[in-house]
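Work through the exercises below with the sequence and the 3D structure at hand. Try each task before reading its solution.

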Amino acid sequence: MPDAAPDRYIRLPGRGNSRKGGAFIAISRVSSRLWLGEDHLLQVESTGGYSENYKRFYFRDIQSICLQKTNTWLVINLVLAIIAGLLFLWTLTVRDSAGRVALGIATAIFGFFLLLNLLRGSSCICQLKTAVHLEELPSLRRRRNAEKVLWRIKPMIEAAQGSAPAETIASQYAALLANVNAMPATPGQFSRLADPTMSAYRSRAHRMLFFALLAGVVTDTLTIFFPCVLVVLLNMITGCTVAGAVVIALVKQHQTDLKPALRVLTWVIAGFVAIAALRPFEKPWLLADLSITAALAGIFGTAGLLLLRQPRHERKTTP
Amino acid sequence: MPAIAQPIACPKCKAVLGSDFFNQTAWLACPSCTAELRIEVFPALFREDKTTLAENVMVEGEAGCFYHPGKKATVVCDACGRFLCALCDVDFNGRHVCPACLETGRQKGKIAKLQNVRTRHDRIAIALAVLPMLIFYFTFITAPAALFYSIWHWKSPGSIVPNRRRLNLVIAIIIASLEIAGWVAFFTWLVIRK
């Protein structure tokens, strides 16, 4: 049963990568592009360039398209600008001509990527919802591209489904909300939609981690003022407990509905633990190192415990 | 049981959003997490799934479905001519087909609209011809292999989106031929030198 006529596709702006595979580390990177067909959008996912996977989103099935601005663009710009700036300052201080050339090239490379990122424009997330799935479109991670594509496909979706006035949509949506017993979120009130891919977070791993960090503050302080074998041993035990707790917390928070801020904080703590374990500064900087470590552990532990308190309050207001 | 449509939620915090967010030209802040959002909602969100039920054969001698003899046939498969009930009738590109014909078409790769995976033989051929040049001894084996692969897959289906499949295969053939010519020249030179 051959096709009546093969589809003609037009390439849409944007190209993006997504991770595939492992929970923490990507097994492979998949490059995605969007193509416009007569009655559908085609997402082409290319693995290594040698194989292509296709996902079709028919205009008649698209329920909603959601764009959300992200800070990725700003963060990347900031990191690249700092690196380029530091390299430039270093270039100015170096007297050796070969070193100056090498550092100049490195500065130019980071400057080029900074310029490239600046020109590509601000970032966003684009989600496409149908009756059976909610798909993020990796090729539309730039606001300019996402808006261009939206502007182009919106009339086609409306042609396939018909357009409804705002009042009709509002009344139908109110009926839908009543049907699923949900209330729209209002400022100050929290109402979260259950995500079927996420399980509820019910672990004490984060609480343990934050208490261990606060215990680390005590042992670090003791090490500064009463350095003896027993105190150093206690400090080592606390350090090991924190390291173990952070690993457990990272595992436990995976694919759960734990607050994004807490998830990020746990990853920051993991980085902090890794750097602190190296003890980059020995004498005469050891005291300063211990003081900074104790202060950071105190900040992280307190912030974590405060953030952990919040979900209880939020659960009370969830309808 | 038809699936219940889910409300629209903020992609960041999953908070349920109100209809005042929909189809606005400006970006609006999520009331829960203040992430800036722009949401386009279409009538498909409110469409109810209609479940088709096949009717039973009521009269003796009435045509029954090929796959469900107890069910009344309503259409004929446009591909194989079998009688189909409402349950077995698949509306595909405005044609009535049975699931078996659809599956056969998908397996044989005859229906591009059902194709979910394609191998880029042209890129494999190019890689086979070009990459081994980094350690050129390998080209002794890979050049004929690239030439054979390019010719073998000359008619194999490529990507379903516009691409330079034939051009890539031609480039692979030219590079592989040049590599083979290089090896032939090298061995000829060795023979002449003796």
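**Exercise 1. Two helices of chain B**

Is the crossing of α2(B) and α4(B) left-handed or right-handed? Describe also the angle and the residues of the contact.

Solution. The model is a predicted one.

Step 1. Find the two helices: α2(B) covers residues 121-130 and α4(B) covers residues 165-193.

Step 2. Look at the distance and angle. The two axes come within 8 Å and cross at roughly 20°. Angles under 35 degrees count as roughly parallel, and α2(B) and α4(B) are therefore roughly parallel to each other.

Step 3. Give the hand: the crossing of α2(B) and α4(B) is left-handed.

Step 4. List residues in the contact. From α2(B) these include Ala125(B), Ile126(B) and Ala129(B); from α4(B) they include Leu169(B), Ala172(B) and Ile175(B).

Step 5. Sort the contact by class. The contact of α2(B) with α4(B) has nine nonpolar, one polar and three charged residues.

**Exercise 2. A sheet that spans both chains**

Give the strand order of the open sheet of five strands, then go through its pairs.

Solution.

Step 1. The order is β7(A)-β6(A)-β5(A)-β2(B)-β1(B), and the pairing is antiparallel.

Step 2. Identify the edges. These are β7(A), residues 134-136, and β1(B), residues 28-29. Each has a single partner strand, so one side of each is left without a neighbour in the sheet.

Step 3. Begin in chain A. β6(A) and β7(A) are antiparallel and joined by three bridges. Leu128(A) stands opposite Glu135(A) in β7(A).

Step 4. Cross to the other chain. β5(A) pairs with β2(B), residues 36-41, in the antiparallel sense over five bridges. Across this pair, Ser64(A) stands opposite Val41(B), and Cys66(A) stands opposite Ile39(B).

Step 5. Finish in chain B. Two bridges join the antiparallel strands β1(B) and β2(B), with Ala29(B) opposite Glu36(B). These strands form a hairpin with six residues between them. In its turn, Thr34(B) has a positive phi of about 65°.

**Exercise 3. A hairpin of chain A and its partner in chain B**

Describe the pairing of β3(A) with β4(A), then find the strand of chain B that pairs with β4(A).

Solution.

Step 1. β3(A) and β4(A) run antiparallel and are joined by eight bridges. The bridge partner of Gln43(A) is Lys55(A) in β4(A).

Step 2. Three residues lie between the two strands of this hairpin, and Gly48(A) in the turn has a positive phi of about 70°.

Step 3. β4(A) also pairs with β7(B), residues 117-119, in the antiparallel sense over three bridges. In β7(B), Val117(B) is the bridge partner of Asn53(A).

**Exercise 4. The contact between the chains**

How many residues of chain A are in contact with chain B, and which element gives the most?

Solution.

Step 1. Count both sides: 56 residues of chain A are in contact with 54 residues of chain B.

Step 2. Name elements of chain A that give two or more residues. Among them are β3 (40-47), β4 (51-58), α3 (143-161) and α4 (166-179).

Step 3. Pick the leading element: α4(A) gives the most, with nine residues.

Step 4. Sort by class. The side of chain A that touches chain B has 34 nonpolar, 13 polar and nine charged residues.

**Exercise 5. Domains of chain B**

State the domain bounds and the separation of domain 1 and domain 3.

Solution.

Step 1. Chain B is divided into domain 1 (1-51), domain 2 (52-116) and domain 3 (121-193).

Step 2. Taken over C-alpha atoms, the centres of domain 1 and domain 3 of chain B are separated by 52 Å.

Terms used
Residues are numbered from 1 along each chain as its sequence is written. Chains are lettered from A and ligands numbered from 1 in the order in which they are written. This is a predicted model: local features need pLDDT of at least 70, side-chain atom pairs count only at pLDDT 80 or more; totals for chains, interfaces and linings use all residues. Domain bounds come from an automatic or database domain assignment. Two residues are in contact if their C-beta atoms, placed from the backbone, lie within 7 Å. Helices (H or I, at least four residues) and strands (E, at least two) are DSSP runs, numbered from the N terminus. Ala, Val, Leu, Ile, Met, Phe, Trp, Tyr, Cys and Pro count as nonpolar, Asp, Glu, Lys and Arg as charged, and the others, Gly among them, as polar. Two strands pair if DSSP finds at least two bridges between them. Axes are lines fitted to C-alpha atoms, for helices over the stretch in contact, and angles run from 0 to 180 degrees between N-to-C directions. Angles under 35 degrees count as roughly parallel, over 145 as roughly antiparallel, 65 to 115 as roughly perpendicular and the rest as oblique. A crossing is left-handed if the near helix is turned anticlockwise from the far one by less than a right angle, and right-handed if clockwise.
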